[in-house]
Amino acid sequence: MATAIMNRLFNIPSLICQNAAQLLKNGANNAVKLDQPVRNNWTDWRMIKDNKRRKLLVQHAPDRLRMQAIKKNDILPAEIIEIGQKMLEQLPRDSGITRVRNRCAITSRPRGIVTRWRLSRIVWRSLADYNKLSGVQRAMW
């Protein structure tokens, strides 16, 4: 009986899952971006791993969202909650949103990222000094 209810729950397309999948695909709030590198080659292996994690996140986001909703639901029977939790554990670890890290597109630096340009503060400052960034003006007084 529990598996029949689980199948019914997973076959119903909920608005929450559809909206979350659209947000993840569109990259709302700079959370997910599929076009990681600016150049043709990767800076280092960390950027490659981060790109793989972002692809897994987009791929498994609707299922993960449904299973988390089932796991946190108080109304459903305990059997269904356990099944949802087991299914959530079977997903790849890297498909979680917390595994994705914003990195500089040029140097792959993980900290101090200016999100609008996806650059670290160091690279951003050096490019802004020589008028290489649009919309940035050096402070003068």
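In this predicted model, R46 has a relative accessibility of 37% and therefore counts as partly exposed, since this value falls between the 20% and 50% limits. R46 takes part in a salt bridge with D44, in which the closest N and O atoms are 2.6 Å apart. R46 is also among the residues touched by R103 once neighbours up to four places away in sequence are set aside.

A further charged pair is found in helix 3, which spans residues 45-72. Here D50 forms a salt bridge with R54, with a separation of 2.9 Å between the closest N and O atoms. Both residues lie in helix 3 and are 4 residues apart, about one turn of the helix. The relative accessible area of D50 is 2%, so D50 is buried. R54 likewise counts as buried because its relative accessibility is 1%. K52 is also placed in helix 3, but this residue counts as exposed because its relative accessibility of 55% lies over the 50% limit. The C-alpha atoms of K52 and V100 are 9.4 Å apart in space, while the two residues are separated by 48 residues in sequence.

R103 is situated in the loop between helix 4 (78-90) and strand 1 (113-114). R103 is buried yet has no salt bridge. For R103, the nearest side chain of opposite charge is that of D50, at 5.2 Å. The absence of a bridge between R103 and D50 follows because this distance is not within the 4 Å required. The side chain of R103 instead reaches the backbone oxygen of S108, at a distance of 2.6 Å. With residues up to four places away in sequence not counted, the contacts of R103 comprise R46, M47, D50, S108, R109, P110, I113 and R118. D50 thus appears both as a contact of R103 and as the salt-bridge partner of R54.

Side chains of opposite charge can pair when their charged atoms come close. In the present model the count comes to 6 salt bridges. Besides the pairs D44 with R46 and D50 with R54, one is formed by R99 with D94, the closest N and O atoms being 2.8 Å apart. R99 counts as partly exposed because its relative accessibility is 33%. D94 has a relative accessible area of 22%, so this residue is partly exposed as well. Through shared partners, salt bridges join D94 and R99 with R53 into one network.

The structure holds 1 aromatic pair. The ring centres of W117 and W124 are 5.7 Å apart and the ring planes meet at 55°, so the pair is tilted. W117 counts as partly exposed because its relative accessibility is 24%, and W124 counts as partly exposed because the corresponding value is 23%.

W124 is also one of the contacts of L119. Excluding residues up to four places away in sequence, L119 touches C104, I106, G112, I113, V114, W124, L127 and L133. L119 belongs to the largest nonpolar core, which has 6 residues. The other members of this core are C104, V123, A128, L133 and V136. Among these members, C104 and L133 appear in the contact list of L119. I113 is touched by L119 and is likewise among the contacts of R103.

Conventions. Residues are numbered from 1 along each chain as its sequence is written. This is a predicted model: local features need pLDDT of at least 70, side-chain atom pairs count only at pLDDT 80 or more; totals for chains, interfaces and linings use all residues. Side-chain values use heavy atoms; hydrogens and water are left out. Helices (H or I, at least four residues) and strands (E, at least two) are DSSP runs, numbered from the N terminus. Buried means under 20% relative accessible area, exposed over 50%, partly exposed in between (1.4 Å probe, protein chains only). Lys and Arg count as positive and Asp and Glu as negative; His and the chain ends are not counted. A polar contact is a pair of N or O atoms within 3.5 Å; within protein, one must be able to donate a hydrogen and the other to accept it, and residues adjacent in sequence count only if both atoms are side-chain atoms. Contact means heavy atoms within 4.5 Å. Rings of Phe, Tyr and Trp (its six-membered ring) pair if their centres lie within 6.5 Å; planes under 30 degrees apart count as stacked, over 60 as edge-to-face and the rest as tilted. A nonpolar core is a set of buried Ala, Val, Leu, Ile, Met, Phe, Trp, Tyr and Cys residues joined through side-chain atoms within 4.5 Å.
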